[in-house]
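Visitor: I should like to learn how cavities, ligand surroundings and backbone geometry are read from a model. Could you guide me through an example?

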Amino acid sequence: MNDLFKSPSRRAFLRGSAAAVAGSVAGAASAQDPDPLITEVQDWAAITGEGVDETPYGLPIRFEDDVVRRNVPWLTADPISSINFTPIHALDGTITPQGCAFERHHSGAIELAKDDYRLMINGLVDKPLVFHYADLERFPRENHVYFCECAANTGMEWAGAQLNGVQFTHGMIHNMEYSGVTLRTLLEEAGLDAAGDLSDKWVYVEGADASSNGRSIPMEKALDDCLVAFKANGEALRKEHGYPVRLVVPGWEGNMWVKWLRRIEVMDGPVESREETSKYTDVLADGTARKWTWVMDAKSVITSPSPQSPISHGPGPLVISGLAWSGHGKITRVDVSRDGGVTWETARLGTQGDAKALTRFYLDTTWDGGEMLLQARAMDETGYVQPTKAQLREVRGENSIYHNNCIQTWHVKANGEAENVEVS
Ligand SMILES: Nc1nc2c(c(=O)[nH]1)N[C@H]1C(S)=C(S)[C@@H](COP(=O)(O)O)O[C@H]1N2
Ligand SMILES: [Mo]
């Protein structure tokens with residue numbers, strides 16, 4: 001396998017990789033040994049498979065049944081007000097299937113039928129309105145891919161490396177294609193003349209669940225790119241993501257993406273609700289709080305190799321892969337370091353991500369079998385560069401929980417295993 005990249009000829013490359021594949025799959029076997037998986041008729045070819053209606057709504061094949069959301073039980077007192085994590089170590093591309101997209105509930109996931117759904121717009125509007133679900137489908141629709149990141153993502157890592165897996169350090173994120181009506185369309189339907197000067201107006205949005213999760217959003221954002229969404233990745237929202245209707249607030253912290261959306265009130269100031277005062281603000285070193293920290297700054301992380309996705313082969317070709325995103329717009333560049341930030345190589349963007357959506361990056365490289373301190377560093381279209389942990393702590397101190405977008409380090413050992421470590 002070591003010879004692989006020493007040979008300049010393509011034929012030698014193919015011979016080399018055939019041997020390497022046989023070597024890794026069948027242990028010590030060489031490419032010359034007969035492989036019964038090739039030479040003998042297998043069960044799956046000797047009999048027929050399942051008929052088309054066996055599973056009317058398909059599920060992942062059982063061999064992938066470890067690719068699931070997971071929670072960290074000690075993080076919260078009760079699963080009703082808790083969070084679980086997207087298995088980003090095992091996914092590729094950028095779209096998160098709804099079935100494994102992280103969930104965050106303050107009072108559990110409720111079951112709200114379309115027939116029982118009502119959306120009220122009231123406050124400083126020309127005519128207060130109530131929409132039924134079917135009404136929403138009669139307004140012009142848009143489709144957009146956006147990431148949704150909980151502001152607490154990576155929050156457990158402020159003081160030092162803590163959780164040993166990218167699912168747990170960075171998995172409070174998902175990225176879906178939403179279909180819905182712009183919030184602007186619905187606000188204009190109710191009429192905003194009554195609100196007068198819009199520059200100092202706000203909307204207060206709340207959900208139908210017991211927590212209501214009320215949040216204040218400046219009118220400028222409400223009229224910019226917010227979506228009242230009823231489909232994700234082409235199908236109805238799942239219960240846990242707000243069926244039948246949720247608010248999408250592109251680039252802004254997940255808490256503002258109100259699920260089971262039931263009311264939008266146009267107001268002349270923010271409500272200063274629980275979710276935007278005692279929660280989701282950042283206490284600085286001097287005890288004062290950073291407030292209205294809505295936009296999720298540029299961030300990236302290597303998803304493989306990582307603690308839950310070790311290198312399972314020897315030295316030679318290695319694909320380093322990860323995700324990058326920015327609430328300010330598009331990701332323009334991602335750099336990868338193998339030596340804890342001393343030297344950097346620019347990664348290939350595997351998808352040209354949309355603004356405020358996940359971008360996939362790859363570094364197609366050769367591993368010499370040595371230890372690595374793997375890091376990724378994202379840049380966005382504003383020129384912003386993802387900070388180191390030390391840089392972030394300088395500005396924000398160590399009291400924070402939310403909005404940790406610092407560079408993450410994985411220590412990859414010679415046996416291919418990886419561990420969460422801090423290089424600040
Ligand atoms: N109604 C309501 N909306 C809510 C919440 C909630 O508990 N109730 N949780 C918020 C938080 S903190 C986050 S991070 C996102 C998570 O969305 P998800 O569960 O679809 O991942 O929803 C937000 N919207
Ligand atoms: Mo959140």
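Guide: The dialogue below takes up the cavities, the ligand and then the backbone.

Guide: This is a predicted model, in which local features need pLDDT of at least 70 and side-chain atom pairs count only at pLDDT 80 or more, while totals for chains, interfaces and linings use all residues. Residues are numbered from 1 along each chain as its sequence is written, chains are lettered from A and ligands numbered from 1 in the order in which they are written, and side-chain values use heavy atoms, leaving out hydrogens and water.

Visitor: How many cavities of 30 Å³ or more does the structure hold?

Guide: Rolling a probe the size of a water molecule over the atoms shows where empty space is left. A cavity is a set of points, on a 1 Å grid over the protein atoms alone, where a 1.4 Å probe fits but cannot get out; lining residues have an atom within 4 Å of a point. Here there are four cavities of 30 Å³ or more, and the largest contains about 230 Å³ of space, a volume being the space filled by probe spheres set on the points, which are joined across faces, edges and corners.

Visitor: Which residues line the largest cavity nearest its centre?

Guide: Its lining numbers 21 residues, and Arg-104, Arg-246, Gly-254, Trp-257 and Lys-259 lie nearest the centre. By class, this lining has seven nonpolar, eight polar and six charged residues. Ala, Val, Leu, Ile, Met, Phe, Trp, Tyr, Cys and Pro count as nonpolar, Asp, Glu, Lys and Arg as charged, and the others, Gly among them, as polar.

Visitor: Where does ligand 1 sit?

Guide: Ligand 1 sits in the largest cavity, meaning that more than half of its atoms lie within 2 Å of the grid points. Around ligand 1 are 21 residues (a heavy atom within 4 Å), and Phe-102, His-106, His-241, Arg-246 and Lys-259 come nearest.

Visitor: Which polar side-chain atom lies 2.7 Å from an oxygen atom of ligand 1?

Guide: A polar contact is a pair of N or O atoms within 3.5 Å. One such atom belongs to the side chain of His-241; an N or O atom in the His-106 side chain is also 2.7 Å from a ligand 1 oxygen, and a polar backbone atom of Arg-104 is 2.9 Å from an oxygen of ligand 1.

Visitor: Which peptide bond has omega near 5°?

Guide: The bond from Tyr-243 to Pro-244 does, and it is cis.

How values were computed:
Polar contact = N/O pair within 3.5 Å; in protein donor to acceptor, adjacent residues only side chain to side chain. 1 Å grid on protein atoms, 1.4 Å probe; cavity = no way out; pocket = protein on both sides within 12 Å on 5 of 7 lines; lining within 4 Å.
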